[in-house]
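Okay, thanks everyone, let's get going. I'll walk you through a chain that is probably new to you, so have a look at it first.

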Amino acid sequence: MVLFIDQEYGSRKLLRTVVAAIVSATFLTILALARPYKRSDDLCLACIANLLLTCCFASGVVIQLCDSAMYEDMCYNLVGYKTSRGATTFVVVLTAVMLAVSLAVILVSAVSAARAKTMRLLSSKREPMRDGITLADGQEWHLFLSHVWSTGQDAVAVIKNELQQFLPGCEIFLDIDDLKNIGELEAYIRRSQVVL
């Protein structure tokens, strides 16, 4: 889309870079609001990558503004640099800092994910929910926890909590959390893949 803006002289004008920065920032906003990824670390990584891209385009605007003799006064008034060399140095340092912060966030996410208690499949060494253990049509829960109401509520609450820690993304029915109508108990069971 950006390449179609002023095809003859567009690479020397600010409009392309400004439009690219706006499109990138808009996509970042949509990404943060829509949350299309199941895992929060995937969403975090996607947002960081798009933030870096947006910063690169914004930095491109600064460099283009300060590189042209036509905008010399405007560069000093808007950005605070008299020459393009100062603006370029600022952009390079900003980019290096952003990359360092991104790498730190990725490293912290990787270390915390590696230390987290989880179950892994022997075949792929990955978490089952990542390998596509999905629900069949019309089903809402992977597991229905059945128990004696008078004595088993605390025990199954602990079981649900532990399973959700070991299997992030697993949907587990427990009457304390999910039961809305006792008359529909059989329907809840039908909408579960496994009953325990």
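Before I read out the pattern, a word on terms: helices here are DSSP runs of at least four residues, strands are runs of at least two, and both get their numbers from the N terminus. With that in hand, the order along the sequence goes α-α-α-α-β-α-β-α-α-β. That comes to seven helices and three strands.

Keep in mind that this is a predicted model. So how confident is the predictor? The mean pLDDT for the chain is 79, and 88% of the residues reach at least 70. Confidence peaks in helix H1, residues 14-34, with a mean of 87, and it is lowest in helix H3, residues 72-78, with a mean of 74.

Now the strands. In what order do they sit in the sheet? It's S2-S1-S3, an open sheet with parallel pairing. S2 (172-173) and S3 (192-195) are at the edges with a single partner strand each, so each has one side without a neighbour in the sheet. Zooming in on one pair, S1, which is residues 141-144, meets S2 through two bridges, in the parallel sense. Right there, Leu143 is opposite Ile172 of S2.

Last, the chain as a whole. How many of its 196 residues count as buried? The share is 26%. The accessible surface is about 13,200 Å², and carbon and sulfur atoms make up 63% of that. As for contacts between residues at least 6 apart in sequence, 54% link residues at least 24 apart.

That's my tour, over to you.

Terms used:
Residues are numbered from 1 along each chain as its sequence is written. This is a predicted model: local features need pLDDT of at least 70, side-chain atom pairs count only at pLDDT 80 or more; totals for chains, interfaces and linings use all residues. Side-chain values use heavy atoms; hydrogens and water are left out. Buried means under 20% relative accessible area, exposed over 50%, partly exposed in between (1.4 Å probe, protein chains only). Contact means heavy atoms within 4.5 Å. Accessible areas come from the Shrake-Rupley method with a 1.4 Å probe; for residues, only the protein chains shown count as cover. Two strands pair if DSSP finds at least two bridges between them. pLDDT is the predictor's confidence in each residue, from 0 to 100.
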